[in-house]
Amino acid sequence: MSTPRHAPLLIVEDDLALQKQLKWSLDRFESVAADDVASAVLQFRRHGPAVVTMDLGLPPDQDSVSEGFKCLERLLELDPAVKVIVLTGQNDQENALRAIRMGAYDFLAKPVDPDVLSLTVERAYRLYELQQENRRLQLQQSSDVFGGLITRDAGMQKVCRMIERVAPSDATVLLLGESGTGKEVLAQGLHDASKRKGRFVAINCAAIPETLLESELFGYEKGAFTGATKSTLGKIETANGGTLMLDEIGDLPMPLQAKLLRFLQERVIERVGGRQEIPIDVRVVGATHQDLKARIADGRFREDLYYRLAEIVVEIPPLRDRMGDAVLLSHAFARRFATDMRRPVPALAEDAVRALETHRWPGNVRELQNMLKRAVIMAEDDRITAADLGLQARAGSEPEPVLDLRAIRDEAERRAIVTALARTDGNIVRAAELLGISRPTLYDMINRLNIK
């Protein structure tokens, strides 16, 4: 078995002679050592080990297990996936079992057989690698579900994971976010990840006149009004067995809010001009850029309808808060539009990258998409410049000072890596060159900072 360079072994042992013996018996693994809780946490933060061997008796109270359990708890808080192998005394089964209950991978009684320890560490590494591979496969599957959504931002990835968890249920979902943030893409992904076999149907409540919206939603019977020459299904009935997205639901007129509330409570509808109750099985996804609680306070939105819609509330961050996504998406849009227009795929010039990174994006992804489409058309050569985008680079505002040096370092490294990956369109070799580090070092930092 080859131990991954980016995931070393941490040996936590205060007895220096035993520490050296453990290092010697585990010499085929890249290892670092610590002799107390503070140094163990420091080494763990610095190296991000995949496996830890740990003695429970640590200073300042080697005769007690309190420091050992404190260390175990702290390491598992930092990374729940780490495999901790606890070393205990011969007659200390109670504490060994307690460690397992807390999340330790395994325990071995002292004196430890070197061959048994080596095999246990090797199995721990193997399990760690399998779990990491499983996570990568899950991410690949989720990217298939959200095929129209591209992101490296941690906040946006959290939104996607939340949608995935909600998808198998029938809970009503309310998507909140500014215009152009991708609410319909997420609603489509929610439907695709669910077990529903019906259609995904979307309707914009703000785009249809109030006099027509009721018949669009609920359908109508023949003769219900002038021009109703035949019975027609509404959007709710069309989505039966599937998912109905009510976009801009904050603009729904008050009379229709009451009728929609009854539908959400009873799960039956009546077509306009009809008397028959029709049962409907549909998941409802509401979406709006408006502050619904403010509209409730103003008397323009029903509070009882809000709580029917808000079983699960998902807040979508605007593009300006999604670190690195503007440049990342720009590469993708440039490829898409150039391919559609049968033109060579243009690169982003340095001034274009800086302009994309500093623009505030009031129109979010929709604004970016339109900007890139125009730039691909207007670009005179194989590069897109800031002038083609219609942007100028500007200095960004300074963030609020942080006094935790470790947090400052991690955040600075995260921003630099995400920016480099965005600028190079995910090319690890070019990103490493841009950062002035080796490719293995970049992989190590990506893994330590948990950058997806």
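## Close-up views of the predicted model

**View 1. Pro-111 has its place in the loop between E5 and helix H5 (114–145).** The model shown here and in the views that follow is a predicted one. Look for the peptide bond that leads from Lys-110 into Pro-111: it is cis, with omega near -5°. Lys-110 is worth keeping in view, as this residue is also one of the contacts of Asp-55. A second cis bond can be found between Pro-59 and Pro-60, this time with omega near 10°. Pro-60 belongs to the loop that links E3 and H3.

**View 2. Five strands build an open, parallel sheet.** Reading across the sheet, the order is E2-E1-E3-E4-E5. Strand E2 (31–34) and strand E5 (106–109) are the edges, each with a pairing partner on one side only. On average, neighbouring strands in this sheet are turned by 20° against each other, direction ignored. At one end of the order, strand E4 (residues 83–88) runs parallel to E5, and four bridges join the two. If you would like a landmark there, find Thr-88, which stands opposite Ala-109 in E5.

**View 3. Helices H2 and H3 lie across strands of the open sheet.** Helix H2 (residues 37–47) crosses strand E1 (9–12), E2 and strand E3 (51–55), and runs at about 155° to E2. Helix H3 (residues 66–78) lies across E3 and E4, at about 165° to E3. Strand E3 therefore has both helices lying across it. From first C-alpha to last, the 13 residues of H3 reach 19 Å, close to the 18 Å expected at 1.5 Å a residue. Which residues of H3 are buried? They are Glu-67, Gly-68, Phe-69, Cys-71, Leu-72, Leu-75 and Leu-76. Their cover includes H2, E3, E4 and helix H4 (93–102).

**View 4. Asp-55, in strand E3, carries an annotation from UniProt.** The unreviewed entry lists "modified residue: 4-aspartylphosphate" at Asp-55. Is this side chain's residue, Asp-55, buried or exposed? Asp-55 counts as buried because its relative accessible area is 10%, under the 20% cut-off. Setting aside neighbours within four places in sequence, Asp-55 is in contact with Val-12, Glu-13, Asp-14, Gly-68, Leu-87 and Lys-110. Among these contacts, Gly-68 is one of the buried residues of H3.

**View 5. Strand E6 (residues 173–176) pairs with E11 and with E12.** Both pairings are parallel: four bridges link E6 to strand E11 (residues 283–288), and four bridges join E6 to strand E12 (residues 312–315). Leu-175 is a handy place to start, since you can follow the pairing from this residue in two directions: the bridge partner of Leu-175 in E11 is Ala-287, and in E12 Leu-175 stands opposite Val-314. One step along, Leu-176 has Thr-288 of E11 as its bridge partner. Val-173 and Leu-175 point one way from E6 while Leu-174 and Leu-176 point the other way, and all of them are buried.

**View 6. Strand E11 is mostly covered, with six of its six residues buried.** Arg-283, Val-285 and Ala-287 point to one side of E11, and Val-284, Gly-286 and Thr-288 to the other. Besides E6, strand E8 (residues 243–247) pairs with E11; the two run parallel and five bridges join them. Here Met-245 stands opposite Val-285.

**View 7. Two arginines, Arg-267 and Arg-342, have positive phi although neither is a glycine.** For Arg-267, phi is about 60°. This residue lies in the loop between helix H10 (254–266) and strand E9 (268–269). Arg-267 counts as partly exposed because its relative accessibility is 25%. Arg-342 has a phi of about 55° and is found in the loop between helix H13 (325–340) and strand E13 (347–348). With a relative accessibility of 80%, Arg-342 counts as exposed.

**View 8. The annotated span of residues 149–377 and two low-confidence stretches are shown together.** UniProt (unreviewed entry) lists "domain: Sigma-54 factor interaction" for residues 149–377. The C-alpha atoms at the ends of this span lie 23 Å apart, and the span is 45% helix and 13% strand. Across the protein, pLDDT averages 87, and 92% of the residues score at least 70. Over residues 1–6, however, pLDDT is below 50, and this stretch has 15 contacts in the model beyond near neighbours in sequence. Residues 395–400 also stay under 50, and the model gives them zero contacts beyond four places in sequence. Where pLDDT is low, please do not read the predicted coordinates in detail.

Terms used. Residues numbered from 1 in each chain as written. Heavy atoms only, no water. Axes fitted to C-alpha atoms, helices over the stretch in contact; angles between N-to-C directions. Contact = heavy atoms within 4.5 Å. Expected span 1.5 Å × (residues − 1). Buried < 20%, exposed > 50% of the residue type's maximum accessible area, 1.4 Å probe, protein only. pLDDT = per-residue confidence, 0-100. UniProt positions renumbered as here; feature names shortened; annotations may be inferred.
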